[in-house]
Amino acid sequence: MRCERQYFVYMMASVNRRALYIGVTNNLIRRVLEHKRGDVAGFTKQYHCVVLVWYDVTDDVAGAIDTEKRIKKWRRSKKNALIETINPNWLDLTSQILDG
């Protein structure tokens, strides 16, 4: 029996929406909660990126990493447009992943 792993590309925003963080993880709930608690040293802690505004899931780790790298190179306007395809009001999607 083959166990499928899931990988997530995700974006966290600061409350004021000025800063965006793009990351990859195999456990979105754990990782988002780490960001919210301030367990993750560096950019997200410094800029208070605690709002999950976008994510995508795949079973292809290489594809997830490629997507993360590609999005990181985009202009901010393109990142905003991607977020708004699933989250036009920039709501925190954490409850969605906790409930689902």
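**Exercise 1. The loop between strand 1 and strand 2**

Task: Classify Arg17 as buried, partly exposed or exposed, then place Arg17 in the chain and find its phi.

Solution.
Step 1. Arg17 has a relative accessible area of 40%, so Arg17 is partly exposed. The model is a predicted one.
Step 2. Arg17 sits in the loop between strand 1 and strand 2.
Step 3. Phi of Arg17 is positive, about 70°, although Arg17 is not a glycine.
Step 4. Set that against the general rule. Most residues other than glycine have a negative phi.

**Exercise 2. Another positive phi**

Task: Where is His48 found, and is His48 buried or exposed?

Solution.
Step 1. Locate the residue. His48 belongs to the loop between helix 2 (43-46) and strand 3.
Step 2. Check the backbone. His48 is not a glycine, and its phi is positive, near 55°.
Step 3. Check the surface. The relative accessible area of His48 is 55%, and the cut-off for exposed is over 50%. His48 is therefore exposed.

**Exercise 3. The surroundings of Ser14**

Task: Determine which residues Ser14 is in contact with, leaving aside neighbours within four places in sequence.

Solution.
Step 1. Ser14 lies in strand 1.
Step 2. Its relative accessibility is 5%, so Ser14 counts as buried.
Step 3. With those neighbours left aside, the contacts of Ser14 are Ala19, Tyr47, His48 and Cys49.
Step 4. Now look at the polar side-chain atom. A polar atom of the Ser14 side chain lies 3.2 Å from the backbone nitrogen of Arg18.

**Exercise 4. Aromatic pairs**

Task: Describe the pair formed by Tyr10 and Tyr21, and state which parts the pair ties together.

Solution.
Step 1. Count the pairs. The structure has three aromatic pairs.
Step 2. Take Tyr10 and Tyr21. Their ring centres are 6.1 Å apart, and their planes meet at 55°, a tilted pair.
Step 3. Place the partners. Tyr10 is in strand 1 and Tyr21 is in strand 2, so the pair ties together parts 11 residues apart in sequence.
Step 4. Check burial. Tyr10 has 0% relative accessibility and therefore counts as buried.
Step 5. Widen the view. Tyr10 and Tyr21 form one aromatic cluster with Phe43 and Tyr47.

**Exercise 5. Helix 3**

Task: Compare the span of helix 3 with its expected value, then locate its buried side.

Solution.
Step 1. Helix 3 has 13 residues, and 1.5 Å a residue gives an expected span of 18 Å. From first C-alpha to last, helix 3 reaches 19 Å, close to that value.
Step 2. List the buried residues of helix 3: Gly63, Ala64, Thr67, Glu68 and Ile71.
Step 3. These residues cover an arc of only 140° around the axis, so they lie on the same side of helix 3.
Step 4. Find the cover. It includes strand 1, strand 2, strand 3 and helix 4.
Step 5. Inspect the start of helix 3. There, a side-chain oxygen of Asp60 comes within 3.3 Å of the backbone nitrogen of Ala62.

**Exercise 6. Helix 4**

Task: Which residues of helix 4 (residues 76-86) are buried, and which exposed residues are on the face turned away?

Solution.
Step 1. Lys79, Leu82 and Ile83 are the buried residues of helix 4.
Step 2. Their arc around the axis is only 95°, which means they share the same side of helix 4.
Step 3. The face turned away from that buried side carries Ser77 and Thr85, both exposed.
Step 4. The cover over the buried residues includes strand 1 (7-14), strand 2 (20-25), strand 3 (49-58) and helix 3 (61-73).
Step 5. Add a charge over a ring. Lys78 lies over the face of Trp74, at 4.5 Å from the ring centre.

**Exercise 7. Helix 5 and helix 1**

Task: Classify Thr94, Ser95 and Ile29 by accessibility, and trace their links along the chain.

Solution.
Step 1. Thr94 is in helix 5 (residues 94-99). Its relative accessibility is 8%, so Thr94 counts as buried.
Step 2. Leaving aside neighbours within four places in sequence, Thr94 is in contact with Val32, Lys36 and Leu52.
Step 3. Ser95 is also in helix 5. At 45% relative accessibility, Ser95 counts as partly exposed.
Step 4. Ser95 and Leu52 are 43 residues apart along the chain, with C-alpha atoms separated by 9.5 Å.
Step 5. Ile29 lies in helix 1 (residues 28-37). Its relative accessible area is 34%, so Ile29 is partly exposed.
Step 6. Not counting residues up to four places away in sequence, Ile29 touches Ile97 and Leu98.
Step 7. Finish with Lys79. Its C-alpha atom is separated from that of Ile29 by 22 Å, with the two residues 50 apart along the chain.

Methods
Residues are numbered from 1 along each chain as its sequence is written. This is a predicted model: local features need pLDDT of at least 70, side-chain atom pairs count only at pLDDT 80 or more; totals for chains, interfaces and linings use all residues. Side-chain values use heavy atoms; hydrogens and water are left out. Helices (H or I, at least four residues) and strands (E, at least two) are DSSP runs, numbered from the N terminus. Buried means under 20% relative accessible area, exposed over 50%, partly exposed in between (1.4 Å probe, protein chains only). Contact means heavy atoms within 4.5 Å. The arc is that of the directions from the helix axis to the C-beta atoms. Rings of Phe, Tyr and Trp (its six-membered ring) pair if their centres lie within 6.5 Å; planes under 30 degrees apart count as stacked, over 60 as edge-to-face and the rest as tilted. A charge sits over a ring if NZ of Lys or CZ of Arg is within 6 Å of the ring centre and within 35 degrees of the ring normal. The expected span of a helix is 1.5 Å times one less than its number of residues. A polar contact is a pair of N or O atoms within 3.5 Å; within protein, one must be able to donate a hydrogen and the other to accept it, and residues adjacent in sequence count only if both atoms are side-chain atoms.
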